[in-house]
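Here are some notes to go with the structure, written for a colleague who likes to check things in a viewer. Have the sequence open alongside as you read.

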Amino acid sequence: MSKPSAASATETDAIPPATSGASSHQRARRLLLAGWETLISVAATFFGLLFITFVIGRLMPADPLLAIVGERASEETYNRIREELGLNLPIWRQFLIYAWDVVRGDFGMSVLTARPVSEDLLRVFPATAELSIVGIFIGVVAGVPLGVWAAVYRNSFLDHVMRVLGLVGYSVPIFWLGIMGLLVFYLELQWVAGPGRLEVYLDGQVPTVTGMILVDSLIAGDWEVFNNALSHIILPASLLGYYSLAYISRMTRSLMLEQLNQDYLLTARIKGMRQSRLIWRHAFGNILVPLITVIALSFAGLLEGSVLTETVFAWPGIGRYITNALLNADMNAVLGGTIVVGTVFVGVNLLSDVLYRIVDPRAR
């Protein structure tokens with residue numbers, strides 16, 4: 001970047017305070033307008049998510065009333081409970097009542113656990129968040145350097161290996177890999193612990209602060225619980241991390257290849273700039289903004305796609321909770337879990353947009 005000329009500096013210094021104040025006012029106004037637009041967009045997205053989820057839940061062939069009253073209940077009992085729950089009302093009135101309850105944080109009662117769905121979700125969501133955070137950490141730490149490496153050494157042996165790994169990551173069903181992982185690393189080699197988050201005799205040994213056992217055990221300074229929780233999470237998190245690695249490394253490779261072919265990098269290379277400085281400071285710096293979006297989408301995808309992983313590994317997270325609720329026609333739990341996952345997805349996208357504006361001043 002060229003330094004500003006003396007004339008430019010003089011002109012900048014000569015700007016009167018009134019002009020600088022107006023400029024700050026305009027910037028604040030633009031930021032406020034952007035904030036309102038973002039807020040309206042998030043509210044509209046949440047409303048659309050709520051509506052679609054509710055309609056799909058009502059159109060499903062399972063009858064939630066049968067899960068409540070049982071198949072042997074009389075017709076009179078069935079109709080009375082149906083009226084008490086408001087299921088005899090027009091669907092638009094049911095939606096308005098449900099939307100108002102959701103806004104107040106009330107997702108109804110779970111038939112399966114006989115507890116408020118909001119309480120169940122607060123209990124199971126930290127397990128999914130912990131699994132997804134460790135998974136995306138593995139995906140980013142391994143996927144970004146491998147993607148850069150594959151782009152720099154394009155068409156090399158390692159580049160071809162990366163392509164095959166990415167193709168396998170997209171092609172092989174995650175539940176099959178999970179079962180194979182348990183058979184090899186748990187039953188045969190015994191390198192990792194089995195299904196679940198923690199051994200039964202350690203359950204409740206550390207007080208719950210965040211709901212994430214790794215974090216809570218660190219806060220309590222209990223290394224026995226930490227090591228046991230780490231041994232349980234490493235296999236399912238590595239599996240999720242492998243899937244995010246396949247996506248992140250492929251996107252990183254594409255973005256880096258585009259940068260490495262730019263004229264300014266060719267000129268810098270001709271002038272003798274060091275390869276490491278050219279790659280990591282200039283080329284990687286320019287792909288950082290779109291890479292944030294890629295990582296955010298990958299993380300949101302882990303939250304959504306952890307259903308099968310949690311089922312295979314008996315992981316007591318929100319994916320397993322929704323699966324059990326769906327099998328038992330517990331529609332309040334299904335709707336509540338789906339809305340929470342969708343809201344987190346919107347939140348992650350909003351966070352990536354904020355980071356985008358922080359990293360790239362041109363987007364402000």
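**Notes on the pockets and selected residues**

1. Let me start with the pocket lining: H5 gives the largest share of the lining of the largest pocket, namely four residues. Please keep in mind that this is a predicted model. Helix H5 spans 91-103, and it is joined by helix H3 (64-69) and helix H14 (331-359) in supplying at least two residues each to that lining.

2. On the space itself, the largest pocket holds about 550 Å³. Its lining is made up of 23 residues, and those nearest the centre are Arg58, Leu85, Leu87, Gly108 and Asn332. By residue class, the lining of the largest pocket has 14 nonpolar, five polar and four charged members. As a reminder of the idea behind such numbers, rolling a probe the size of a water molecule over the atoms shows where empty space is left.

3. The second largest pocket is worth a look too. Its volume is about 350 Å³. Here 15 residues form the lining, with Arg197, Leu198, Asp203, Gly204 and Ile213 lying nearest the centre. The lining of the second largest pocket splits into seven nonpolar, four polar and four charged residues.

4. Is Glu130 buried or exposed? Glu130 sits in helix H6, which covers residues 117-152. Its relative accessibility is 4%, and because buried means under 20%, Glu130 counts as buried. What does its side chain meet? A polar atom of the Glu130 side chain lies 3.1 Å from the backbone nitrogen of Ile213, and Ile213 is also one of the residues nearest the centre of the second largest pocket. Setting aside neighbours within four places in sequence, Glu130 is in contact with Arg197, Met212, Ile213, Leu214, Val215, Ile233 and Trp315. Arg197 in that list is another residue nearest the centre of the second largest pocket.

5. Thr128 is also in helix H6. Thr128 has 1% relative accessibility and counts as buried. Apart from residues up to four places away in sequence, Thr128 touches Leu303, Ser306, Glu310, Trp315, Gly317, Ile318 and Gly319. Trp315 is a name to notice, as it appears among the contacts of Thr128 and among those of Glu130.

6. Now to the aromatic rings. How many aromatic pairs does the structure hold? There are eight. Take Trp223 and Phe226: the ring centres are 5.5 Å apart and the planes meet at 80°, so this pair is edge-to-face. Both residues belong to helix H10 (residues 223-260), where they are three residues apart, about one turn of the helix. Their surroundings can be set side by side: Trp223 is exposed, with a relative accessible area of 52%, whereas Phe226 is buried, at 17%.

7. There is also a cluster to pick out in the viewer. Phe47, Phe51, Phe54, Phe95 and Tyr98 together form one aromatic cluster.

8. If you check backbone angles, two residues deserve a glance. Ala114 has a phi near 60°, a positive value in a residue other than glycine. Ala114 is placed in the loop between H5 and H6, and with 58% relative accessibility it counts as exposed. Asn155, likewise not a glycine, has a positive phi of about 65°. Asn155 is in the loop between H6 and helix H7 (157-171), and its relative accessible area of 49% makes it partly exposed.

9. The loop between H4 and H5 contains Gly86. Gly86 has 12% relative accessibility and counts as buried. Its C-alpha atom is separated by 9.1 Å from that of Ile97, and the two residues are 11 apart along the chain.

10. Finally, a long-range pair for orientation. Which helix holds Thr77? Thr77 lies in helix H4, residues 75-84. Its relative accessible area is 28%, so Thr77 is partly exposed. Between the C-alpha atoms of Thr77 and Gly285 there are 66 Å, with the two residues 208 apart along the chain.

Technical notes
Residues are numbered from 1 along each chain as its sequence is written. This is a predicted model: local features need pLDDT of at least 70, side-chain atom pairs count only at pLDDT 80 or more; totals for chains, interfaces and linings use all residues. Side-chain values use heavy atoms; hydrogens and water are left out. On a 1 Å grid over the protein atoms alone, a cavity is a set of points where a 1.4 Å probe fits but cannot get out, and a pocket is an open set with protein on both sides within 12 Å along at least five of seven lines; lining residues have an atom within 4 Å of a point. Grid points are joined across faces, edges and corners, and a volume is the space filled by probe spheres set on the points. Ala, Val, Leu, Ile, Met, Phe, Trp, Tyr, Cys and Pro count as nonpolar, Asp, Glu, Lys and Arg as charged, and the others, Gly among them, as polar. Buried means under 20% relative accessible area, exposed over 50%, partly exposed in between (1.4 Å probe, protein chains only). A polar contact is a pair of N or O atoms within 3.5 Å; within protein, one must be able to donate a hydrogen and the other to accept it, and residues adjacent in sequence count only if both atoms are side-chain atoms. Contact means heavy atoms within 4.5 Å. Rings of Phe, Tyr and Trp (its six-membered ring) pair if their centres lie within 6.5 Å; planes under 30 degrees apart count as stacked, over 60 as edge-to-face and the rest as tilted.
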